[in-house]
Amino acid sequence: MATTDESTGSWFGADGQVSQVRGLLFKLSCLGATLLALGLVLVFLLYVFNDAVQPLTADTGWLLTFVVTLVLPAVAVGVYYYTRDTRAGEVAYTALGLPVATTLLAGGVVITFEHIVSPHAWFALALSATVAFGLVELHARTRTAGALERLAVVVLVPLLALVGVPGIAVDFPVETPLLGQELFRLSFAIPELVPSLREVILALPVLPTAAISLLLTFTLPIAAAAAWHVRRVRESDRDGAIAGGATIVAAGLGLVAAPLVDLSATTWVVLATVVALPVGLYVESVVRRDVGVSGLAFPVVVAAGALIGAFLVDALGFAGPDLWLDWDFLTSPASTTPRDAGIYPALVGSVMMLVVVAVAAFPVGVGAAVYLEEYAPNDGLLGSIVDLIEINIANLAGVPSVVYGVLGLTLFVRTAGMQSGIVMVGGLTIGLLILPIVIVSAQEAIRGVPDSLRQASYGMGATKWQTVRNVVLPRALPGIMTGTILAFGRAIGETAPLLMIGAAAVVRIPPDTFFSLFSAMPRQIFAWSKEIETEFRYGVLAAGVVTLLIVMLMMNASAILVRNKYQRQN
Amino acid sequence: MTRDTPLETDGGDPRADGSGTAVADSAAQTDSSDESLLDSSFDVEDRSHASEDTDAIVEARDIDVYYGDEQALQSVDVAIPEKRVTAMIGPSGCGKSTFLRSINRMNDLIDAARVEGELLFDGKNVYDDDVDPVALRRKIGMVFQSPNPFPKSIYDNVAYGLEVQGKTDDVDEKVHRALERAALLDEVEDQLDESGLELSGGQQQRLCIARAIAPDPEVLLMDEPASALDPVATSKVEDLIEELAEDYTVVIVTHNMQQAARISDKTAVFLTGGELVEFDDTAKIFENPESQRVEDYITGKFG
Amino acid sequence: MGNESFDADLTRSAHGQIAKERLYHWLLFFCAALTVFVTVSIVVTLAVDAVAFFRQVDALSFFTGTEWESSRGTFGVLPLVTATLVVTAVSAIVAIPIGTAAAVYLSEYASDRMRSVLKPALEILAGIPTVVYGYLALVYLTPWLRKGGLDLSMFNLLSASIMVGIMIIPMVSSISEDAMSAVPDSLREAGYGLGATKFEVSTGVVIPAAVSGIFSSYILALSRAIGETMIVVMAGGMQARMLDLTNPFANLFNSGQTMTAAMVHAVTSDATGGTPEFYSMFAIGLTLFFVTFSMNLLSNRIAARYREEYQ
């Protein structure tokens, strides 16, 4: 090409300019597209947020106060972390996120003890389970008997402890097939023969108060686990004992101190166990590792700024913004007047539905993934069946959610005869929906376990199941958890299947069993979107959307947290 | 046991191990001169007990192994004596690891692998339908090419085999004894609760050996156990293998002919195509092999 | 050695243990097989009731009818199908260029730090529930477009389809980016070695090499757009309207009912089990299932091809 003197002189020069401009334009348009995609949604979300909290309705003084006490210090500290000490920045991110996330979790636990299992029921359940477990262990230690006797003990003791020998009531019409003519009716009832240990405990004349029950059967085991963990990482029995003891004392303090801060004693116990303990452990681990300790200052700065700001605006008499998203919104039931409307029953409904989803989808999903990765043969007839299953799972992940709704309606309501619109049906339907996602992500995590570990385990004479349980699953667990939490995030936002299975638009009382009618947050949002009043459209609806998004972001953030911790370990 | 071979011949780089340059150099000078072609380059130890053969504990009769359509082993016949060290040497891809893995049926884990022929362990064909490979592997321990401790504590690593095999009595004592036998106890006694991954490569491999011997198997299979280790760690592992042979039957696959010469009583030479060319006392193989191909291989003309 | 008596026999591994292993094996197998059960039961439940529907409604008039007025018993599926196609086409116009460009940026231009911010951000976009997107379209996008001078009715397909497009951008970009990142660096280096600019390498080497992966992302995203429900229900309205070819913009500016919206309508309206309106849901659902399932199948096939090429 460049043969003449002129062009060799400028081979690196100006004639490349056209292509450089073109390249630059291309690069910029690609960057622009990326930012456009993110920016569009960001702008929308800013509008939503603005409608939900209406910051501009606050006094200027109020805004200024908080800018000075909260925003500026937080930004300053954040800039410091970003430019000077990125490890401290990571610590700051976790140190701020952990209390918020665990508080949300504590909220879920409080709701659970409020609506799903009462503290006394939990107390009885935990106590009888412990007794059963103790007896089984005792049997295993004292009698190294045959497999059959052991099996009998393992099955019967827990059964007696938790269920007892239940009464049986049968009322079953025997019909001729096809014609449906009743021949005779099989009907008898046996009264309960042996009440379970659980029922016996519940029937005791004296039971500890709700808070003490939780202290004994909720805080105590968690404190023991924490003590064991601390003892292990610090290699000191004393430190372990301190950690466990401090947890119990902190929770037990609630029996006395909770009324002073206007909390119920049970709430205090839950908060101390679910929030204070993990935060304490995290702080301990940061200090022990001595990396990015200054990051711990961030939540302190934020909390102090918020408190000082609140104190100042109160003293100076500045009015805050006209919030839609406030405590009342989170704790009130739905209402026809926008100002009174709240999301509480739908929030509880979502939590309960998620419990069903988790119980239904997690074990099955992980089980399927284990089968496909560890057990499934690659060739032969079964091999091609397995191939088919894999293709099928990949495709199921793309089936529209509304179709799952139809499936749930037909399968659980019209075929199994459950009532439509109850928590169980909603949870099972959405469980089916996220099952493929759970399977695929669990498969990826299991595939990431190095083969050398499996070989080592098999070489030791471990059976397949022993290898899976002791080597593969522990190693894959963080990856499985990450994928599963993300899938649960998807589950909590699904709406169309809930419409199909008839989840109620408006529910005033939160569901109290898994077989009650329920509404969920996205279902409630959809219901509000049909209201004509602008206060619903721009106020209540925005608050509901922000609530939903915050819950989702929390779940995503915790998934990312798990993933980061896991990636650093490897 | 004494050791007078300088370690440099093992090579620091595990991949470029002794089958290459060092042997070829030394062979070049001995080749032309006399019949005992190897005595200057290989240090075959005088192992008095080696001469008296013990009963075979593992006996292969006409073993063929296929991976899909490809044949990895061709009618191998070999009898591995009890409580001796038997080495399998040969160039890459000659099937020596395949043979090792067919002893404890690790090849079962590969769907495409197929084994034909009889492989007797204690007189029982391990490929009989009624043999449970899990039960088999409980009697035959295995150590792998690169150290692969579980991401668990040192203690739990060694106790793993005891746990999965249901030998739950005296676990503490057995773990300590296994670590001691693997010459690791002194180094890790204070850190049994720490992760096995925190040890150095050589320590990890000895941990894997401790893990393999903790349940007290009868045979110990080692698949190039020193190939990923540095020379010092290699020599420790080699010492260990010689000591283990007092109680266990050791079958070791190695790329490194020096290593085979130093530590084994019997040597099997596999050559390309999955063919067992010669199997005899180590001294015989290295000093006066019958097959010309084995001689070529050992002197570095081939492989 | 010591424990010689302990299961000296190779065949006698404890019987309880073998039974336990079998039990776990089958338990896990049933977990995996459950997914097949899900597919089969989707097909069966949809098909059985779709048959019930076609007993009451003539199949020919269903597939060729141009009017859908379920409350009056007129079931012509074409208005629903065309509305679905309109939404899919507009969302593709929005999502494909933006998504592809974003993928090129992330794969070829972005620094590691930039990527570590942008990728999770896009992931979060993908996680936003569709009911939120529907709300954004209804409450913000439609009024904005109206202010911009478009003569939109309150429910309209335009803002619904734009929002569906925005929703599927992360899908296009992340799968396309995976495909582009899988192109081996040696190909890029070959391009640079010939004196190509980065632009020429991106468009002339990387994109053609990754084209099957990129296409599979398009198909997957479009299948998602076809099956999208909440956005079109909330912002697109519930009134079925036949595609008007004489006045193309009117189709976008007015409300319309897609197949998914019609299914929601069939359940949430007062239709009770047994009426043709209720059963129509299954006929539409079956159609929808087959369309999306075969698109996913196609997409996976294409994606599998590029994986084979570069692994």
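Here is a short walk through the model, one selection at a time.

Before you click, note that this is a predicted model, where local features need pLDDT of at least 70, side-chain atom pairs count only at pLDDT 80 or more, and totals for chains, interfaces and linings use all residues. Residues are numbered from 1 along each chain as its sequence is written, while chains are lettered from A and ligands numbered from 1 in the order in which they are written.

**Stop 1: chain C**

Select chain C and colour it by secondary structure: you should find 13 helices and two strands (DSSP runs of H or I with at least four residues for helices, of E with at least two for strands, numbered from the N terminus). Turn the chain around, and its C-alpha trace spans about 90 × 65 × 35 Å along the principal axes. The radius of gyration of chain C is 26 Å, whereas a compact globule of 311 residues would come out near 19 Å (taken over C-alpha atoms, with the globule rule being 2.2 Å times the number of residues to the power 0.38). Of the 311 residues in chain C, 51% count as buried (20 or more other C-beta atoms within 10 Å of a residue's own; 12 or fewer makes it exposed, anything in between partly exposed, with C-beta atoms placed from the backbone).

Now pick out residues 154-175 and 205-227 of chain C, which are among the spans that an unreviewed UniProt entry lists as "transmembrane region" (positions follow the numbering used here, feature names are shortened, and annotations may be inferred rather than shown by experiment). Residues 154-175 are 86% helix and 0% strand, with end C-alpha atoms 34 Å apart. For residues 205-227, the figures are 96% helix, 0% strand and 34 Å between the end C-alpha atoms.

**Stop 2: the core**

Which two residues touch the most other members of the largest nonpolar core? Select Met163(C) and Ile231(C), out of 294 residues in that core (a set of buried Ala, Val, Leu, Ile, Met, Phe, Trp, Tyr and Cys residues joined through C-beta atoms within 7 Å). Helix H13 of chain A, residues 344-375, gives the most to this core, with 18 residues. Show what surrounds Met163(C): leaving aside neighbours within four places in sequence, its contacts are Tyr133(C), Leu136(C), Ala137(C), Leu141(C), Ile231(C) and Ala235(C) (contact means C-beta atoms, placed from the backbone, within 7 Å).

**Stop 3: where A meets C**

Show chains A and C together: 69 residues of chain A are in contact with 70 residues of chain C. On the chain A side, helix H2 (residues 17-53) supplies the largest share, 17 residues. That side divides into 48 nonpolar, 16 polar and five charged residues (Ala, Val, Leu, Ile, Met, Phe, Trp, Tyr, Cys and Pro are nonpolar, Asp, Glu, Lys and Arg charged, and the others, Gly among them, polar).

**Stop 4: chain B**

Most residues other than glycine have a negative phi. Go to Asp62(B), in strand S1 (residues 56-67) of chain B, where phi is positive, near 55°. Is Asp62(B) buried or exposed? Asp62(B) counts as exposed, because it has 12 C-beta neighbours inside 10 Å.

Next, try Arg105(B), in the loop between helix H3 (96-103) and strand S4 (113-121) of chain B. Arg105(B) also has a positive phi, about 55°, although it is not a glycine. Arg105(B) is buried, because 22 other C-beta atoms lie within 10 Å.

Note on methods
Two residues are in contact if their C-beta atoms, placed from the backbone, lie within 7 Å.
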